[in-house]
Amino acid sequence: MKLTADIWVSAYLTRLRLSEIPAFVVQKGDATAGAVLIKLNTLDGQACCYQRSFDLMTGDRKWVVLSDGDEPDVDGSIAKQRGFDPDLWVIEVEDKQGRHLLDEPGLD
């Protein structure tokens, strides 16, 4: 069973909060089926944006890098995606250590 976007985002933000990793919703998307982008801001002028990818051959879901580098460039990439998809969620995670928890079980 697939979780709705708003429930997944809520659970993700809770996990981050429990790990004392600051995060916030930059753009609220469609509650049921909106795609989610995760921007990891390492607070040193660099950032990385992750999107969920679906492998048609295996059926697996995984998080892949959409864009990384200078934060303004990553923000531009996110803005472009928002232009294509008005239902898109954007979550910003701020962590100097680069933690995002997307590789933990249950977040794929």
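Two strands are taken to pair if DSSP finds at least two bridges between them. Helices (H or I, at least four residues) and strands (E, at least two) are DSSP runs, numbered from the N terminus. The model is predicted: local features need pLDDT of at least 70, side-chain atom pairs count only at pLDDT 80 or more, and totals for chains, interfaces and linings use all residues. Residues are numbered from 1 along each chain as its sequence is written, and side-chain values use heavy atoms, with hydrogens and water left out.

Strand β2 (36-41) pairs with two partners. With β3, the pairing is antiparallel and runs over five bridges. With β5, the pairing is parallel and runs over six bridges. Lys 39 illustrates both contacts. Its bridge partner in β3 is Cys 49. In β5, Glu 92 stands opposite Lys 39. A hairpin joins β2 and β3, with four residues between them. Leu 43, in the turn, has a positive phi of about 60°.

β2 is mostly covered, with six of its six residues buried (under 20% relative accessible area, 1.4 Å probe, protein chains only; exposed is over 50%, partly exposed in between). In a regular strand, side chains alternate between the two faces of the sheet. Both faces of β2 are covered. Val 36, Ile 38 and Leu 40 are buried on one side. Leu 37, Lys 39 and Asn 41 are buried on the other.

Helix α2 spans residues 71-84. Its 14 residues should span 20 Å at 1.5 Å a residue (1.5 Å times one less than the number of residues). The end C-alpha atoms are 20 Å apart, which agrees. Glu 71, Val 74, Ser 77 and Ile 78 of α2 are buried. These residues lie on the same side of α2, because they cover an arc of only 120° around the axis (taken from the directions from the helix axis to the C-beta atoms). The cover over the buried residues includes β2, β3 (46-54), β4 (61-70) and β5 (contact: heavy atoms within 4.5 Å). The face turned away from the buried side carries the exposed residues Pro 72, Asp 73, Lys 80 and Gly 83.

Most residues other than glycine have a negative phi. Glu 20 has a positive phi, near 60°. Glu 20 is found in the loop between α1 (5-18) and β1 (23-27). At 68% relative accessibility, Glu 20 counts as exposed. Leu 101 also has a positive phi, near 70°. Leu 101 lies in the segment after β5 (89-94). At 10% relative accessibility, Leu 101 counts as buried.
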